[in-house]
Amino acid sequence: MSPSAVPTSTTNGHFESDLNLALVGLGVEYPPFLVGPEALEVLANRYYPPSTALKKVLSINRFTGIETRAAIGDVDHPLVNQPNAPSIKELNTLFREEGVRLSVNACKKAISEWGGSIHDITHIVSTTCTNSANPGFDHFVVKQLGIPSSVEKILLHGIGCSGGMAAIRTAAHLALGSSYRGKPARILILACEISSVLVRSELDSIHQDQQTRVGVCLFSDCASAAILSNGVGEGDGPGPVYEILGWKHQIIDDSEEDLGFDVDPLGWKVVLTQRVPTLASAAVSPCFEGLVNSIPELHEAGQSPTAASFDWALHPGGSLIITGVEQAMKLTPQHLQASYEIYMKYGNSSSATILSVLNKLRETEGKDRVVACAFGPGIALEMTILRRGKEVASSVNQSGHNTASGILSTDGGGSRNTAINGNNITHANGTASTIDNFPIESKQPEKVGTTADNAASSWNDDREATTEGSTRADGANGSAGGLPVEDLD
């Protein structure tokens, strides 16, 4: 195939009009527990004496705007109730079990919506910042899925909350390389984070160093996945969920000390400064303008689109991140509704969050084009412009949780176009795919009790979620609820 006949990423700094890259399947898997702000207070009071720093952190914790956070266990989980914070070895053992399980289930959902065979997967691009074992967790996910071991794997490290977006960007470059060679690319993208069990390590630092560490109030657990296709050799199928029009990566100068995730004997420690919301919000506008200018098809009739002409899938690093971008880009809460809802119901699941937001966003009809944006250590800014598929798509169980057989999932009130009946999936366009040989081993989320006495909860496969559905941001300024606090990425 002639190079001139193949779509390339950029020509003279501009993206071609038809990259032929698309996300053709999405999957999100949250663990079975949703814990309220009270859970942190319970653990703090159990194991740490009162102090000025702890009092301040617990006060912030009540006003982050997060109603519940997804977690692999409740407040009585054994790993966070030992005399000391868990070691890296213990954390790795847990991730090998829980993180891999969440990842496998998220991947099964994305693969099922795509409708292809695991033998057609050409690459896997994965990321996590809450595990650093070798071989990486992606190795075990591949084994459990039954994907041939010859699949090309890439595991991204050191990119934190921007990891999901960076994985999409990396997969896009790989897919274009395959297009150049005339070969199909079906790339499995995977992000997984288990943050909840780092709570004791963070509380140790608050107690010992008298530091105001707000990360302990924000982070949660999740795995999310997507299939990216370059369209080569693709037959008739459900069609794209999102087409990829272009992307941009940049680093905010002299900001590496403001945001990070440092290795510690007891896991990892969040590095956050009060500058992050201001730095991040200020960087979005020039990045957006540069990206829009690099995509010629966006300039209809010689007019450049405004930020408000897109829907936005913003990584919800914290309420100040969301409202800061909202104000800087002259958006409304409706533009960022999916980000607010994921933040309020599940918290900040680091790299796995952005695909969850994109999954949420497609539940309802909206603007034709979408800006996806996330921030990570560096400070790195990742931005991608997408176009919605021709139909309002829906994945296997949009909420990210396994629903009972025969139920049309309606979490959050959005319209759904995919029915789940046993192992069969009926898509909006009438096509069907199957999750045969892919049992999804997830359980329904449970809202955990708010005191030490009632926090120990039980759940089973058939129980409906007991937590209330998340609500949209309140107020014209898009506040996620509560008081503005130093909640950062």
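In this predicted model, N348 is placed in the loop that runs between α9 (337-346) and α10 (353-361). Although N348 belongs to a loop, N348 counts as buried, since its relative accessibility is 0%. The side chain of N348 reaches back to the main chain, where the backbone nitrogen of S350 is found at 2.8 Å.

The two helices on either side of this loop are also joined by a charged pair. The side chains of K360 and E341 meet in a salt bridge, with a distance of 3.4 Å from N to O, and this pair links distant parts of the chain, because K360 lies in helix α10 and E341 in helix α9, 19 residues apart. Both of these residues, K360 and E341, are buried. K360 also takes part in a salt bridge with E363, in which the N to O distance is 3.6 Å. The relative accessible area is 11% for K360 and 3% for E363, so each of the two falls under the 20% limit below which a residue is called buried.

Salt bridges occur elsewhere in the model as well, and the count comes to twelve. One of them is formed by R169 and E382, whose closest N and O atoms are 2.7 Å apart. Since R169 lies in helix α5 (residues 163-180) and E382 in strand β15, this pair ties together parts that are 213 residues apart in sequence. E382 counts as buried, at 3% relative accessibility. In addition, E243, E297 and R387 are linked with one another in a network of salt bridges.

Helix α6 is largely enclosed by the rest of the structure, because eight of its eleven residues are buried. The buried residues of α6 are V199, R200, S201, E202, L203, D204, S205 and I206. R200, which is found in this helix, has a relative accessibility of 2% and therefore counts as buried. The C-alpha atom of R200 is separated by 9.2 Å from that of L79, although the two residues are 121 residues apart along the chain.

Several loops show backbone geometry that deserves separate description. Directly after α6 comes Q210, whose phi is positive, near 55°, although Q210 is not a glycine. Q210 lies in the loop between α6 (199-209) and β9 (222-229), and with a relative accessible area of 37% Q210 is partly exposed. A positive phi, of about 60°, is likewise found at N20, which is not a glycine either. N20 is placed in the loop between β2 (14-15) and β3 (22-29), where N20 is partly exposed, with a relative accessible area of 41%.

Cis peptide bonds form a further feature of the backbone. One joins N134 and P135, with omega at about 0°, and P135 is placed in the loop between β6 (123-127) and α4 (137-145). Another cis peptide bond leads from G378 to I379, with omega near -10°, and I379 lies in the loop between β14 (369-376) and β15 (380-388).

At the surface, D253, D254, E256, E257 and D262 form a negative patch. Of these residues, D254 is found in the loop between β10 (242-251) and β11 (259-264), and D254 is exposed, with a relative accessible area of 66%.

Note on methods
Residues are numbered from 1 along each chain as its sequence is written. This is a predicted model: local features need pLDDT of at least 70, side-chain atom pairs count only at pLDDT 80 or more; totals for chains, interfaces and linings use all residues. Side-chain values use heavy atoms; hydrogens and water are left out. Patches are made of residues with over 30% relative accessible area and no salt bridge: like charges are joined within 9 Å, nonpolar side chains (Val, Leu, Ile, Met, Phe, Trp, Tyr) within 5 Å. Accessible areas come from the Shrake-Rupley method with a 1.4 Å probe; for residues, only the protein chains shown count as cover. A salt bridge is a side-chain nitrogen of Lys or Arg within 4 Å of a carboxyl oxygen of Asp or Glu. Lys and Arg count as positive and Asp and Glu as negative; His and the chain ends are not counted. The place of a charge is taken as NZ of Lys, CZ of Arg, CG of Asp or CD of Glu. Helices (H or I, at least four residues) and strands (E, at least two) are DSSP runs, numbered from the N terminus. Buried means under 20% relative accessible area, exposed over 50%, partly exposed in between (1.4 Å probe, protein chains only). A polar contact is a pair of N or O atoms within 3.5 Å; within protein, one must be able to donate a hydrogen and the other to accept it, and residues adjacent in sequence count only if both atoms are side-chain atoms.
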